[in-house]
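The following note sets out a few points for a colleague who is beginning to read protein structures. Please consult the sequence and the structure alongside it.

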Amino acid sequence: MLGWGEEEWEGVDTGGEAMGPWLKERPSLPKPLTFLQEEEFRPMASKGTKAPAIGIDLGTTYSCVAVWQDNHNRVEIIPNDQGNRITPSCVTFTEEGRLLGDAAKNKTDMNPTNSVFAIKRLIGRRYSDSSVQNDMKLWPFKVVAGPKDRPKIVVNYRGIEKQFYAEEISSMVLVKMKEVAETYLGCIVKNAVITVPAYFNDSQRQATKNAGTIAGLNVMRIMDEPTAAAIAYGFDKITKDSKKKRVLIFDLGGGTFDVSLLSVLHGKFVVQATTGDTHLGGEDFDDLLVDHCVKEFKKKYNKDITGNAKSLRRLRTACERAKRILSSSVMTSIDVDYLYEGVDFSTRISRARFEELNKELFTRCTHLIEKCLGDAKMDKTGVDVVVLVGGSIRIPKIQQLVQDFFDGKKPCKEIHPDEAVAHGAAIQAANLIGQRDKEVQKLVLVDVTPLSLGVDTVDEGMSVVVPRNTPIPTKLKRGFETNIDNQTSVRIAVYEGESAEIKYNNLLGEFEIDGIDPAPKGVTKLDVWFDIDADGILTVSAKVKSSGQKKEIVISKQNGELTAAEIQKMIEDAAHYKAEDEKHKARISLEYLAEKLKSMALDSARSASEMKSMEDKAENAIAWLETNHLAEIGEINKQLKELKTSFPALCEEN
Ligand code: AMP
């Protein structure tokens with residue numbers, strides 16, 4: 001416990017990075033994608049160019065990856081193997097293997113308990129958090145308490161029960177995004193900027209960074225989503241504008257809501273204030289719709305579906321679809337055949353009813369705009385541009401509420417709500433690896449801390465060392481003194497939050513300095529330093545002034561987060577899962593080729609001997625697959641090669 005020392009504050013200059021231009025032009029869709037083996041990749045980009053660095057918007061529902069192309073002077077949003085520019089943040093575990101992205105999402109209704117989604121709501125949180133407890137009730141997959149109150153997800157993978165931390169599942173989504181980029185760029189990608197909601201706290205940021213490391217990425221920066229969106233919006237225009245512009249970013253996605261106010265002048269983006277809710281988004285609107293339908297089903301048929309994971313998952317899919325339709329129609333229906341115990345469910349829902357169900361959540365969004373402007377000490381008339389990003393801004397009522405709040409001022413709809421964040425992150429990534437483009441090098445970014453940070457002092461009070469909305473990176477010092485006679489140790493407990501009482505704030509970590517020379521209270525003085533890096537990750541150090549005794553902690557590592565050894569183990573596990581995926585893909589290729597050969601053999605133009613040879617080879621390959629479940633990838637590829645060599649025509653087509 002500490003007492004107040006002299007009012008001693010000391011700051012260190014905040015930094016910023018140079019950044020560059022942005023073109024809104026979209027790339028044409030690339031040729032269909034094929035899966036490449038690692039050895040087929042070029043290890044780096046072609047000679048003379050920098051190894052690419054990607055920007056990843058790791059969303060609750062969907063993720064998006066983008067890259068700055070120096071030779072075209074623009075950002076490209078990278079389509080996945082299905083040609084989609086966004087990829088579901090979903091992982092499904094099956095008897096055969098692991099599915100990621102679209103393939104995983106397609107299986108969620110059939111395999112609900114092993115399909116993990118919305119993991120961003122879990123990452124960096126404790127199992128006992130009320131939000132985790134509430135979410136768990138609605139998720140079809142199982143979550144249990146792991147060591148140090150960390151949640152673990154339980155699934156059945158290849159017939160065996162497995163438990164994963166949220167970081168591991170997130171890393172699987174990142175592996176998918178990395179693969180999407182590598183297939184498109186034709187080289188191995190290591191460097192990445194990953195975005196997080198501006199309102200993410202220290203442990204959520206650190207956990208996201210760890211997920212990137214487990215996925216084999218070098219996470220150059222954890223970047224705030226609204227800042228990335230602001231760059232995507234304003235990079236080309238504002239860098240040329242000589243007047244300072246105030247831009248408000250309203251970012252309502254699948255699971256989180258952020259609102260940030262930035263000032264932009266000559267390519268310098270400075271965050272003035274940021275606020276939000278890490279548990280407010282499209283998933284919450286879906287929850288309320290699901291809840292509405294569950295009640296209706298109960299009323300009509302006196303049956304409660306809440307204990308049935310498959311029914312809940314199927315209902316949720318139908319509700320999310322209905323929600324999307326209600327953004328363009330005023331009425332739709334929610335229909336699920338055989339929802340529960342053989343009973344079909346069908347109901348009509350109007351846009352007005354949907355808005356009524358979500359009234360409180362929608363209003364909360366406008367309250368948070370007010371809070372952000374209040375923090376920035378600014379009137380709404382001072383906002384030059386309002387930019388809407390995130391999938392949920394398609395809801396007409398949300399657009400109307402924002403427009404009404406700004407007295408009829410129309411929000412900017414020029415940027416793509418699903419792609420803006422990845423777009424901005426790609427520019428930041430290009431800047432960090434030093435792409436040669438002059439504009440990319442020039443831009444400057446200054447982010448802020450979303451929450452106040454401080455220590456516990458007498459009477460369980462919160463002594464703020466870093467007030468919220470302080471620009472980062474930053475290093476601030478505050479002086480403290482002992483508050484009892486002959487005190488020989490002090491405990492520094494670090495909290496984040498806005499309450500004056502620590503019990504309402506979030507404990508980030510604590511440490512003690514022992515062996516202090518006994519002295520009357522108030523004589524021993526300490527300096528406590530809060531050092532926040534550009535990712536928003538905090539290190540706290542304390543020094544006894546008289547003796548020079550010093551202690552330091554990287555807060556997030558003390559907060560029940562992963563140790564270096566645990567991360568290393570997860571990296572090894574991730575490599576194992578990747579190898580399993582590749583084996584699975586190779587098996588599917590072999591099976592596909594064999595089946596194709598069988599059907600080609602039926603062509604009446606072929607001679608009887610040719611037909612027989614084709615059928616025999618195909619049957620042999622299928623039999624080999626059936627008897628060699630544990631075959632290694634090399635053996636499967638050997639079979640594949642043999643088949644292709646015997647029938648080169650097949651080879652050409654595949
Ligand atoms: P994001 O996290 O930004 O990708 O946003 C995903 C969220 O946007 C999900 O909850 C989607 O259901 C929601 N969403 C996407 N399209 C629409 C739409 N047309 N109307 C309402 N919500 C939508």
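1. Two residues are in contact when they have heavy atoms within 4.5 Å. Leaving aside neighbours within four places in sequence, Phe93 is in contact with ten listed partners, among them Arg98, Asn111, Val155, Tyr157, Phe164, Ile169 and Met172.

2. This is a predicted model, in which local features need pLDDT of at least 70 and side-chain atom pairs count only at pLDDT 80 or more, while totals for chains, interfaces and linings use all residues. Residues are numbered from 1 along each chain as its sequence is written, and side-chain values use heavy atoms, without hydrogens and water.

3. A nonpolar core is a set of buried (under 20% relative accessible area, 1.4 Å probe, protein chains only) Ala, Val, Leu, Ile, Met, Phe, Trp, Tyr and Cys residues joined through side-chain atoms within 4.5 Å. The largest such core has 51 residues, and Ile54, Phe93 and Ile169 have the most contacts inside it. Helix α3 (residues 166-185) gives the most to this core, with ten residues. Helices are DSSP runs (H or I, at least four residues), as strands are (E, at least two), numbered from the N terminus.

4. Thr449 lies in the loop between strands β20 (444-448) and β21 (453-457). Why does Thr449 count as buried? The reason is that its relative accessibility is 4%. Not counting residues up to four places away in sequence, Thr449 touches Val466, Pro467, Arg468, Asn469, Thr470, Ile472 and Ile532.

Technical notes. Buried < 20%, exposed > 50% of the residue type's maximum accessible area, 1.4 Å probe, protein only.
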